[in-house]
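This briefing sets out selected features of one protein structure, grouped by topic. Please read it alongside the sequence and the coordinates.

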Amino acid sequence: MFKNNSAPYKLPDVICLQETHADSALLETIKREWPGHASGTSTSSGKLGCCILLHPKFNPEIVHEINDKDGRFNFLVFKIDEELYSIFNLYAPNTMGQPKKTFFSQITTLALKLPNVVVCGDLNC
């Protein structure tokens, strides 16, 4: 999928995707074929989904990784020069009301425990 294409070597260091609709087979293919680190969520419903792709030349030490079972977020904690950083990739509910409030409350609680957080994604605001 990516190996014979020079495009990944011209891409940014970090790519965050939402609404990937990836099932476990597609996610495993992405992880196997992407030349850098790939992290993501898969769902049996074929809905939702988040994925973080790291450029092959951007190769930090991955310290921690969480991929939400519902496909709403994934994050990486990684180390560069002994400093910890976090990438938090979100796909927020697009409905108003309690589901969205609960989601952001849980995400905020989790993000406050992480070092040097960068949040990206589809916040559906």
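Helices and strands are DSSP runs, numbered from the N terminus; a helix (H or I) has at least four residues and a strand (E) at least two. In those terms, H21 lies in the loop between β1 and α1. The model is predicted. The points below cover that loop, the elements around β3, the sheet with its helix, the nonpolar core and the cysteines.

**The loop between β1 and α1**

- E19 also belongs to the loop that connects β1 (14–18) with α1.
- Although E19 is not a glycine, its phi is positive, at about 55 degrees.
- A positive phi of about 55 degrees is likewise found at H21, again not a glycine.
- E19 is partly exposed, with 39% relative accessibility, and H21 is partly exposed, with a value of 39%.

**Helix α1**

- Helix α1 spans residues 24–33, and its residues L27, I30 and E33 are buried.
- Viewed down the axis of α1, the buried residues fall within an arc of 140 degrees, so they line one face of the helix.
- This spacing has a general background: an α-helix has 3.6 residues a turn, so residues three or four places apart point the same way.
- The cover over the buried residues of α1 includes β2 (38–40) and β3 (50–54).

**Strand β3 and its partners**

- Strand β3 is largely enclosed by the rest of the structure, because 5 of its 5 residues are buried.
- Both faces of β3 are covered, with C50, I52 and L54 buried on one side and C51 and L53 buried on the other.
- β1 and β3 run antiparallel and are joined by 5 bridges; C16 has I52 of β3 as its bridge partner.
- β2 and β3 are also antiparallel, joined by 3 bridges, and A38 stands opposite L53 in β3.

**The four-stranded sheet and α2**

- An open sheet of 4 strands follows the order β4-β5-β6-β7, and its pairing is mixed.
- β4 (61–67) and β7 (117–122) are the edge strands, each pairing on one side only.
- From one strand to the next, the twist averages 15 degrees.
- Within this sheet, β5 and β6 pair in the antiparallel sense over 8 bridges, and the bridge partner of I80 in β6 is E83.
- Helix α2 packs on the sheet and touches β5, β6 and β7, with its direction at about 170 degrees to that of β6.

**The largest nonpolar core**

- The largest nonpolar core has 10 residues: F73, F75, V77, F88, L90, A92, F103, I107, A111 and L114.
- At least two residues of this core come from each of β5 (73–80), β6 (83–91) and α2 (98–111).
- Apart from its neighbours within four places in sequence, F103 is in contact with R72, F73, L90, Y91, A92 and P93.
- As a general tendency, nonpolar side chains are buried together in soluble globular proteins.

**The cysteines**

- How many disulfides does a search of the whole structure find? The search finds 0.
- The cysteine sulfur closest to that of C50 is in C120, at 8.7 Å, which is too far for a bond.
- C51 is in no disulfide either, since the nearest cysteine sulfur, that of C50, is 8.8 Å away and a disulfide requires sulfur atoms within 2.5 Å.
- C50 is buried, with a relative accessible area of 1%, and C51 is buried, with 4%.

Definitions and conventions
Residues numbered from 1 in each chain as written. Predicted model: local features only at pLDDT ≥ 70, side-chain atom pairs only at ≥ 80, totals over all residues. Heavy atoms only, no water. Buried < 20%, exposed > 50% of the residue type's maximum accessible area, 1.4 Å probe, protein only. Arc of directions from axis to C-beta. Contact = heavy atoms within 4.5 Å. Pairing = 2+ DSSP bridges. Core = buried A, V, L, I, M, F, W, Y, C linked by side-chain atoms within 4.5 Å. Axes fitted to C-alpha atoms, helices over the stretch in contact; angles between N-to-C directions.
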